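User: Please take a close look at the part of this model where the ligand sits, and describe in one connected account what surrounds it.

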Amino acid sequence: MTIQTEVKELHAPGHRACPGCGCAIAVKLILRETGPNTIVVSPTGCLETFTSPFRGSSWEVPWIHSLFENAPAIATGVLAGLNSKGNVDGTKVVAIGGDGGTYDIGMGALSGMFERKDDILYICYDNEAYMNTGIQGSSATPLGAGTTTTPVVGDSFGKMVSKKDLLAIALAHDVPYVGTASIANPADLKKKVRKGMDNPGPAFILMLSPCNLGWGFEPEDTVELARKAISTGLFPIVEFENGRLVSAQKIKPVPVEEYLKPQKRYQHLYKKENFNEVLKAIQEKADRNIEKYDLAKDRN
Ligand SMILES: Cc1ncc(C[n+]2csc(CCOP(=O)(O)OP(=O)(O)O)c2C)c(N)n1
Ligand SMILES: [Mg+2]
């Protein structure tokens with residue numbers, strides 16, 4: 001009897017992501033669930049760069065690199081091409097883009113894809129800045145985080161406004177399947193990828209993807225940090241079907257400090273007393289999430 005111990009990875013090893021890259025872990029898990037009968041579209045960003053150095057590719061599924069701004073439109077075109085040929089083997093189209101490509105420059109194209117009700121799963125790996133080009137802030141960069149364009153100098157405490165609520169934007173488009181997922185919970189992540197693919201019409205999954213280079217932490221702490229984002233309430237794990245909340249992962253809330261302190265991008269908040277207000281605002285944001293989704297485990 002032969003026991004098969006090796007899984008054929010559709011996101012092959014040997015790519016050029018930084019050690020401990022949250023996005024690389026995420027994509028490996030995503031493709032384990034999608035299987036080979038999938039076409040992936042990715043806009044410009046770290047994922048595109050580290051998977052496709054000249055003469056190499058770590059994609060074991062058909063993969064298209066779009067412009068930075070138009071991955072959802074390219075995905076629509078791929079789907080239209082498949083459908084025009086009858087798509088007899090039911091090939092699925094999955095777009096995987098960074099926060100810059102999704103929250104910012106690709107937002108118009110994404111809105112169109114949602115509005116057309118195209119049968120595409122769009123996954124945003126959110127590392128909360130434009131990492132590929134040197135850690136510039138995006139509209140996904142959270143309040144108080146230092147980036148190269150939200151610098152921490154003098155009285156400036158980094159990003160001065162809060163993160164855009166992309167989940168609410170997807171829900172406002174009546175996207176039938178909307179959820180958040182995390183590399184800290186691979187079974188849930190894979191379940192959501194499956195649901196997003198099986199659901200007719202558009203589906204949207206937001207994944208927080210810790211970036212050790214941009215956030216400033218040790219590569220071996222990636223998954224732990226993803227876990228802390230959940231347990232503080234800053235990144236709730238939730239799921240909506242036809243606009244209705246159908247699941248929310250319960251937590252035993254811990255103070256946001258446990259998530260913020262290990263990251264260099266937040267270090268300044270602990271060095272000056274006049275930044276206490278920012279820390280308070282971040283804690284309040286976590287508390288609001290906990291209340292909104294009733295995340296706290298019952299004490300009894
Ligand atoms: C129209 C256009 N503007 C700017 C760029 C430069 N650019 C390439 S990747 C990138 C950042 C991507 O950020 P994000 O989508 O968050 O992905 P990440 O690199 O963080 O994985 C930028 C600004 C570009 N390629 N095209
Ligand atoms: Mg990014």
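Analyst: In this predicted model, a backbone N or O atom of asparagine 132 lies 2.8 Å from an oxygen atom of ligand 1. The protein as a whole covers 74% of the 590 Å² of accessible area that ligand 1 has on its own. Two further polar contacts can be described alongside that of asparagine 132: a polar side-chain atom of tyrosine 125 is placed 2.7 Å from an oxygen atom of ligand 1, while at alanine 129 a polar atom of the backbone is 3.0 Å from an oxygen atom of the ligand.

These three residues also appear in the wider shell, since ligand 1 is surrounded by 17 residues, of which the closest are Gly100, Gly101, Tyr125, Ala129 and Asn132. In terms of secondary structure, the element that gives the most to this shell is helix 4, residues 99–104, with 3 residues. By character, the shell around ligand 1 divides into 7 nonpolar, 8 polar and 2 charged residues.

Apart from the ligand, one residue in the earlier part of the chain can be described in similar detail. Histidine 11 is located in the segment before helix 1, which spans residues 22–34, and histidine 11 is buried, because its relative accessible area of 2% falls under 20%. Beyond its neighbours within four places in sequence, histidine 11 is in contact with Ala24, Val27, Lys28 and Leu31, and also with Phe50, Thr51 and Ser58.

How values were computed: Residues are numbered from 1 along each chain as its sequence is written. Chains are lettered from A and ligands numbered from 1 in the order in which they are written. This is a predicted model: local features need pLDDT of at least 70, side-chain atom pairs count only at pLDDT 80 or more; totals for chains, interfaces and linings use all residues. Side-chain values use heavy atoms; hydrogens and water are left out. Helices (H or I, at least four residues) and strands (E, at least two) are DSSP runs, numbered from the N terminus. Buried means under 20% relative accessible area, exposed over 50%, partly exposed in between (1.4 Å probe, protein chains only). Contact means heavy atoms within 4.5 Å. A residue is near a molecule or strand if one of its heavy atoms lies within 4 Å of it. A polar contact is a pair of N or O atoms within 3.5 Å; within protein, one must be able to donate a hydrogen and the other to accept it, and residues adjacent in sequence count only if both atoms are side-chain atoms. Accessible areas come from the Shrake-Rupley method with a 1.4 Å probe; for residues, only the protein chains shown count as cover. Ala, Val, Leu, Ile, Met, Phe, Trp, Tyr, Cys and Pro count as nonpolar, Asp, Glu, Lys and Arg as charged, and the others, Gly among them, as polar.
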